[in-house]
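Biologist: Please take one pocket and walk me through it slowly. I'd like to know what sort of residues line it, and how that sets it beside the ligand's surroundings.

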Amino acid sequence: MTQETNPETIENSGAPCAVSNSAKSSTGRSENNPYANALMQFDRAVAHLDLKRGVVDMLRCPKRELTVNFPVMLDTGQIQMFRGYRVHHSVVRGPTKGGIRYSSDVTLDEVRALAMWMTWKCALMNLPYGGAKGGVVVNPKQLSNRELERLTRRYATEISVLMGPESDIPAPDVGTNPQVMAWIMDTYSMHRGFSVPAVVTGKPVEIGGSLGRTEATGRGVGFCIIEALRMRGISPGDATVAIQGFGNVGSVAARMVHEMGMRVIAISCSTGGLYRSDGIDPLKVTRHLEHGGCMTTFEGADSISNEELLTLDCDVLIAAAVENQITSFNADRVKAKILAEGANGPTTPEADDILKEKGTFVIPDVLCNAGGVTVSYLEWVQDLQSFFWPVDEINRKLQYLMAKAFESVSETVQQYMVSSREAAQILAIQRISDAILIRGIYP
Ligand code: NAD
């Protein structure tokens, strides 16, 4: 058994994998700091494994971190400075893989946490990747399309020292989309002098994207929910679902569960949500939003706050927005029988303890939303071989890999008598530790 460490001890020791002081609360442990939460989850999983101390230390720290400050010319002719990050957590099992987030709330600690979770996710899914994440501190809605393109091309150039089809392959995340990936692919290709589609995934299909990629994360969430309902003995036709976040992941997951016969009783975005006890058709909401409407102007449902949505009486709660939504402040009021973590890090370790007590079936993020990186991997493979598969084949491969991972996590829960989050991380961390020792420590 490895001695349990805690993030505060590491920080006091001056080790490089410290949590930023700026992101800590005055009360000590910062439940809202995703990196502190990721480290705490890691320590909990590692406590069940017999790992070498040095391997544990290695996996606690990001491999490398890049911060870039760069100028962008606005449409007015003004020059504005922006800050961006790219963090590689681990390169042990292959090149790094992870999305790029555009949000005014992005911090280095958030990007570190997301990179670490990507490492566990890739290892859990047995993909030949390590974890990475990137972010730019920007509200993309406040920029014009031309400004967003210039920002993206400049950020891509700034991180091009790390990026490449054999070294680091970005993908979309909150605030970015296939168009942003197309600009990154084009910028990188211009610098190389030839097209390099495999440098990013989540691209439009016209330039080497994969069929099924846009829906992959939501499809994977839907698949995990079906398995969890089966284990809980609930028929999909009887299940009610509430969904926080109606972006790429949340809207596709909503459509999937609706198509599978479940009743979507609530959905929300950052500005608020909708509730209707006899069900909302997610497609109608999507169409309403596409025609310039906002969530609150949709007719035929009552409005509901995000906080209320999280504590609704329902069978399944899909958290598909951002981190730290279920915390020690509201976890005891969560009534859902199943929590499907479409988002990364929506539940803090303190909330995990409360949900465990209550018997909530948690489908952890590294499993639940792994459909996205799995089809990103299939996209990368197709780009490298310049040979593309039909969508049926992609979906079949996705379902096979998700089913295998779901089963492995369930078996590990039984073997170690741990939560599903700990089980998923135990599996991933053991695989990475094995890879480290087989490769050996250079030189
Ligand atoms: P997105 O930008 O497309 O959508 C995010 C949604 O969440 C929007 O509806 C937004 O209004 C809402 N939101 C943001 N802050 C909120 C808040 N505080 N309360 C309620 N709603 C809020 O992003 P996405 O790609 O759907 O990603 C959502 C989550 O899923 C993130 O945690 C992301 O890291 C994770 N994820 C995404 C993918 C992917 O393929 N896109 C893959 C794996 C994990």
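Modeller: Let's sort out the classes before anything else: Ala, Val, Leu, Ile, Met, Phe, Trp, Tyr, Cys and Pro count as nonpolar, Asp, Glu, Lys and Arg as charged, and the others, Gly among them, as polar. Keep in mind that this is a predicted model. Now for the second largest pocket, which holds about 540 Å³ of space. Its lining has 12 nonpolar, 8 polar and 7 charged residues. There are 27 lining residues, and the ones nearest the pocket's centre are Val362, Val413, Val418, Ser419 and Ser420. Several elements chip in with at least two residues each: helices H2 (34-46), H7, H11 (349-358), H14 (391-416) and H15 (420-439), plus strand E12 (361-363). H14 gives the largest share, with 5 residues.

H7 is a handy link to the ligand. Spanning 213-232, H7 also supplies at least two residues of the ligand's shell, as does helix H8 (248-259). That shell has 22 residues, with Asp173, Thr217, Val249, Ser270 and Asn344 the closest. By class, the shell splits into 8 nonpolar, 11 polar and 3 charged residues. Domain 1 (63-197) and domain 2 (214-368) both give residues to the shell, so the ligand lies between them. Look at the backbone too: an N or O atom of valine 249 sits 2.9 Å from a ligand oxygen, and for glycine 175 the distance is 3.2 Å. The protein buries 83% of the 830 Å² that the ligand exposes when taken alone.

Note on methods: Residues numbered from 1 in each chain as written. Predicted model: local features only at pLDDT ≥ 70, side-chain atom pairs only at ≥ 80, totals over all residues. Heavy atoms only, no water. Near = heavy atom within 4 Å. Polar contact = N/O pair within 3.5 Å; in protein donor to acceptor, adjacent residues only side chain to side chain. Areas by Shrake-Rupley, 256 points an atom, 1.4 Å probe, with all protein chains shown as cover. Helix = DSSP H or I, 4+ residues; strand = E, 2+ residues; numbered from the N terminus. Domains from an automatic or database assignment. 1 Å grid on protein atoms, 1.4 Å probe; cavity = no way out; pocket = protein on both sides within 12 Å on 5 of 7 lines; lining within 4 Å. Points joined across faces, edges and corners; volume = space filled by probe spheres on them.
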